[in-house]
There are 2 protein chains.
Amino acid sequence: MNEQSIGVGLMGLGIVGGQVARVLVDKAGDLAQQVGCPLVLRKVQVLAPDLTRPQAKEMDSRLFTTDDDEFFADPEVDIVVEAIGGENPAFQYLSRALSSGKHVVTSNKEVIAKHMGELLALAQQYDVGLHYEAAVGGGIPLIMPFQRDLVANEIKGIYAIINGTTNYILTRMAKEGIGFSSALSRAQELGYAEANPENDIEGIDATYKIAILASLAFRTPVRPDDVYSEGISQLNSRDFQYARELGFVIKLLAIAKEGNGSIEVRVHPVFIPEDSFLAKVDGVYNAVQVDGDLVDRVLFFGKGAGALPTSSAVIADTVSAAQDIALGVGNRTKWKLETSKTIKPMSEIETKYYLRMNVTDRPGVLSQIAKVLGDRNIGILSVIQKETESNIQTAELVIMTHPAREEAMQLALGELRQLNVVMEINNFIRVEV
Amino acid sequence: MNEQSIGVGLMGLGIVGGQVARVLVDKAGDLAQQVGCPLVLRKVQVLAPDLTRPQAKEMDSRLFTTDDDEFFADPEVDIVVEAIGGENPAFQYLSRALSSGKHVVTSNKEVIAKHMGELLALAQQYDVGLHYEAAVGGGIPLIMPFQRDLVANEIKGIYAIINGTTNYILTRMAKEGIGFSSALSRAQELGYAEANPENDIEGIDATYKIAILASLAFRTPVRPDDVYSEGISQLNSRDFQYARELGFVIKLLAIAKEGNGSIEVRVHPVFIPEDSFLAKVDGVYNAVQVDGDLVDRVLFFGKGAGALPTSSAVIADTVSAAQDIALGVGNRTKWKLETSKTIKPMSEIETKYYLRMNVTDRPGVLSQIAKVLGDRNIGILSVIQKETESNIQTAELVIMTHPAREEAMQLALGELRQLNVVMEINNFIRVEV
């Protein structure tokens with residue numbers, strides 16, 4: 001540490017990195033007041049120093065380096081801010097920074113979701129801070145609330161709308177009655193979805209984020225592979241129509257719960273009651289509801305992505321790291337991720353279900369379907385028959401069930417598909433209340 | 001500091017204090033893991049040691065003292081947790097604790113709102129921490145997000161439903177069409193309002209809380225006396241009916257805004273659009289919306305009162321103070337409250353207005369009213385005439401205005417009252433969009 005200032009080394013000068021560099025310069029006076037001394041951008045590591053990019057044009061070209069060794073060897077870099085994204089080489093860079101005794105700030109959800117345990121252990125070993133507020137929910141405070149404000153709570157559950165792209169698409173489908181692909185195209189036109197949208201629409205992005213939140217909340221390593229995940233591409237405008245008729249809204253929720261020493265973590269479309277708070281979170285907004293034994297329920301809401309909100313979180317972490325450096329504090333985290341809790345297999349979870357299927361329109365059909373469900377101990381809460389294609393004598397049935405085990409439901413679905421009277425299971429969606 | 005543990009001294013054993021004591025015992029293992037060593041309740045200061053109270057019954061009677069000198073002299077008390085409430089003697093106690101080099105945690109909004117500057121200065125002088133997360137919004141993280149997560153933002157505005165009692169009353173009035181006093185009685189029956197409800201319904205409680213948030217957000221001393229405040233007792237079921245017809249909801253909002261180097265801070269009933277997020281916050285819940293230049297908009301929601309949520313915040317602060325003690329860190333706050341910004345007088349604020357008045361029901365009345373408003377530069381957005389008492393030939397007029405200055409509106413109201421055709425100005429409510 002330079003006695004007169006604290007130095008920041010930035011890795012990556014994309015949309016987030018460029019914005020972070022801009023804030024460090026534009027708000028230098030205010031940030032220095034927070035830290036107690038200037039916070040100075042000392043070095044920018046880039047793959048190639050493309051000085052024609054708008055972010056780069058504003059900056060002193062002597063800050064740039066393409067040489068990793070030079071970057072990490074710089075004694076004036078006290079804090080490494082990683083804004084590259086992706087698993088590698090980010091994981092190598094973060095490991096190297098921590099092992100070099102540098103405090104680390106990252107906005108990279110993938111690397112944290114996949115390597116939280118190893119990075120946390122390195123930070124403790126080398127007594128430096130590891131900060132990743134920007135990895136989940138952009139500018140919405142989430143990581144620090146879990147690490148600090150909610151620390152006295154036993155967390156019972158997390159229910160999160162944590163991917164803006166899918167929430168935008170679902171909102172359009174719900175409000176306009178349009179299909180999935182039209183809504184996706186619209187999101188792409190507006191820049192809310194990428195040209196290759198798989199990461200968002202298949203729930204992968206949400207999987208990283210809920211893995212991080214669950215790991216923190218339950219202090220147990222929850223890896224992306226532990227998270228059951230389904231995307232939104234199978235949803236049909238009919239599902240939205242029936243949801244509305246039944247008093248529900250369809251959202252892609254990331255859910256993490258703990259009970260009886262075991263954890264369930266999953267990302268999939270759900271029916272939630274239309275009067276619940278999460279049902280009212282529309283468009284690109286994110287919201288994370290946390291249920292704890294003391295706080296009862298708290299909810300955090302805001303823009304979960306974008307350069308400006310993400311830079312808010314990155315700079316907050318950087319200031320916090322700088323305050324620690326100024327105070328001579330290394331790593332503040334005393335707890336370790338424990339491995340005593342088990343992750344519940346998806347087959348063991350229990351929810352209510354919505355089923356939509358095409359059946360032969362004649363007497364006795366419902367009793368056959370009810371028997372299959374009943375034999376698997378799945379109670380029917382309501383059935384609505386929708387006439388769909390009278391010329392070919394089929395009807396659409398919408399069934400809402402009582403709580404049932406996923407395994408029983410999957411077996412029942414297999415058996416229903418074998419019934420002659422069932423043409424097709426069009427969709428089944430879990431119901432959270 | 002005892003080498004083997006960190007000691008807590010608790011002042012006050014009411015509902016919050018009793019719950020804090022309980023959590024310190026019940027969650028001792030988990031809290032020790034967070035801190036790195038045990039966090040032990042060493043002393044409880046009470047006015048009289050009523051050992052028959054349920055909180056006291058569970059506890060070792062040797063912890064109790066009624067002697068302030070004994071309490072503050074105890075070298076094993078590293079952190080003083082104040083849960084007495086009120087301005088005095090809490091202010092003396094907190095000053096004494098800080099001056100004795102003890103870290104302080106308080107849930108007392110009144111003392112923080114009235115003495116933040118002095119207490120912050122003492123904490124800096126004696127290099128100890130001053131924590132008051134529980135003073136605003138119970139278990140909802142607010143103080144730390146302002147101090148830490150939002151630190152890179154220029155805060156533009158805070159819009160807060162921050163008093164559960166009044167929000168409960170307003171929700172009942174809106175949903176059931178009942179009057180203020182019926183709704184208040186119901187709130188009292190359920191324990192949501194006190195026997196003497198003045199502090200809540202007149203907006204005093206909200207005034208303390210917004211003064212604290214505004215001071216933090218704008219880093220300027222905002223005292224309760226700087227906050228313009230109106231309560232909810234003047235609201236009538238007709239106002240709720242007209243609000244609904246016009247697409248609005250009535251909430252008691254605490255508002256703080258900064259612009260052009262001046263700050264406006266006020267607590268009063270407002271019309272807000274029915275599709276806004278705050279409009280959907282019902283019952284005893286609180287919600288605080290924060291607009292910042294980087295985050296755009298974030299919102300924090302939860303239960304703003306109650307022993308359990310409040311204890312969540314008190315314990316989080318206590319753990320944080322204990323972590324600092326274990327790390328040898330005193331006061332982390334480098335910034336000081338500045339006095340360069342001015343508080344805008346209420347007469348200078350600008351909003352839209354809703355006016356409800358009884359007028360003579362005959363031609364030409366509206367032109368007289370419109371002239372008074374127009375002469376004060378107040379534009380009319382809409383007028384609805386409601387027949388109310390045809391037998392005495394009066395009508396009720398509901399006027400929505402364009403944005404106007406408060407001073408102009410107050411003068412216009414005085415002039416309207418002088419008109420022969422105006423029987424009564426029944427209500428006027430500001431509109432926030």
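**Exercise 1. Two helices crossing**

In which hand does helix 2 of chain B pass helix 13 of chain B? Work out how these two helices pack, and which residues meet.

*Solution.* Keep in mind as you go that this is a predicted model.

Step 1. Begin with the general idea: a pair of packed helices is described by the angle between the axes and the distance between them.

Step 2. Find the values for this pair. Helix 2 of chain B and helix 13 of chain B pack at an angle of about 45 degrees, and their axes are 9 Å apart.

Step 3. Put a word to the angle. Because 65 to 115 degrees counts as roughly perpendicular and under 35 as roughly parallel, that angle makes helix 2 of chain B oblique to helix 13 of chain B.

Step 4. Settle the hand: the crossing of helix 2 of chain B with helix 13 of chain B is right-handed.

Step 5. Look at the side chains by name. From helix 2 of chain B come B:Leu31, B:Gln34 and B:Val35, and they meet B:Val319, B:Ala322, B:Gln323 and B:Ala326 of helix 13 of chain B. Sorted by class, this contact of helix 2 of chain B with helix 13 of chain B holds 5 nonpolar and 2 polar residues, with no charged ones.

**Exercise 2. The corresponding pair in chain A**

Describe how helix 2 (residues 28-35) of chain A packs with helix 13 (residues 307-327) of chain A.

*Solution.*

Step 1. In chain A, helix 2 and helix 13 have axes 9 Å apart and pack at an angle of about 45 degrees. That makes helix 2 of chain A oblique to helix 13 of chain A.

Step 2. The crossing of helix 2 of chain A and helix 13 of chain A is right-handed.

Step 3. Among the residues that meet here are A:Leu31 in helix 2 of chain A and A:Val319 in helix 13 of chain A. The residues of this contact of helix 2 of chain A with helix 13 of chain A are 5 nonpolar, 2 polar and no charged.

**Exercise 3. Relating the two chains**

By what turn and what shift can chain B be laid on chain A?

*Solution.*

Step 1. A turn of 180 degrees with a shift of 0.0 Å along the axis lays chain B on chain A, with an RMSD of 0.0 Å. That is the relation of a two-fold axis.

Step 2. Check the surfaces. The same surface serves both copies, as 100% of the contact residues of chain B recur in chain A.

Step 3. Locate the axis. B:Phe300 comes closest to the rotation axis of the residues of chain B, with its C-alpha at 2.5 Å.

**Exercise 4. The contact between the chains**

How many residues does the contact take from each chain, and which element of chain B supplies the largest share of its side?

*Solution.*

Step 1. Chain B gives 44 residues and chain A gives 44 residues.

Step 2. On the side of chain B that touches chain A, at least two residues each come from helix 2 (28-35), helix 7 (143-149), strand 12 (296-303) and helix 13 (307-327) of chain B. The largest share, 10 residues, is from helix 13 of chain B.

Step 3. Classify that side of chain B: 23 residues are nonpolar, 11 polar and 10 charged.

Step 4. Now look at the strands across the contact. Strand 12 of chain A pairs with strand 12 of chain B in the antiparallel sense over 5 bridges. Within that pairing, A:Phe301 has B:Leu299 as its bridge partner.

**Exercise 5. Reading a sheet**

In what order do the strands of the open sheet of 6 strands in chain B run, and which are the edge strands?

*Solution.*

Step 1. The order is 3-2-1-4-5-6 in chain B, with parallel pairing.

Step 2. Strand 3 (64-65) and strand 6 (130-131) of chain B are the edge strands, each pairing on one side only.

Step 3. Take one pair as an example. Strand 1 (residues 6-11) and strand 4 (residues 79-82) of chain B pair in the parallel sense over 4 bridges; B:Val8 has B:Ile79 as its bridge partner in strand 4 of chain B.

**Exercise 6. Backbone details**

Which peptide bond is cis, with omega near 10 degrees, and where is its proline found in chain A?

*Solution.*

Step 1. The bond runs from A:Asn88 to A:Pro89.

Step 2. A:Pro89 is in the loop between strand 4 (79-82) and helix 5 (90-99) of chain A.

Step 3. In chain B, a cis peptide bond joins B:Asn88 and B:Pro89.

How values were computed:
Residues are numbered from 1 along each chain as its sequence is written. Chains are lettered from A and ligands numbered from 1 in the order in which they are written. This is a predicted model: local features need pLDDT of at least 70, side-chain atom pairs count only at pLDDT 80 or more; totals for chains, interfaces and linings use all residues. Copies are superposed by least squares on the C-alpha atoms of residues with pLDDT of at least 70 in both. Two residues are in contact if their C-beta atoms, placed from the backbone, lie within 7 Å. Axes are lines fitted to C-alpha atoms, for helices over the stretch in contact, and angles run from 0 to 180 degrees between N-to-C directions. Angles under 35 degrees count as roughly parallel, over 145 as roughly antiparallel, 65 to 115 as roughly perpendicular and the rest as oblique. A crossing is left-handed if the near helix is turned anticlockwise from the far one by less than a right angle, and right-handed if clockwise. Ala, Val, Leu, Ile, Met, Phe, Trp, Tyr, Cys and Pro count as nonpolar, Asp, Glu, Lys and Arg as charged, and the others, Gly among them, as polar. Two strands pair if DSSP finds at least two bridges between them.
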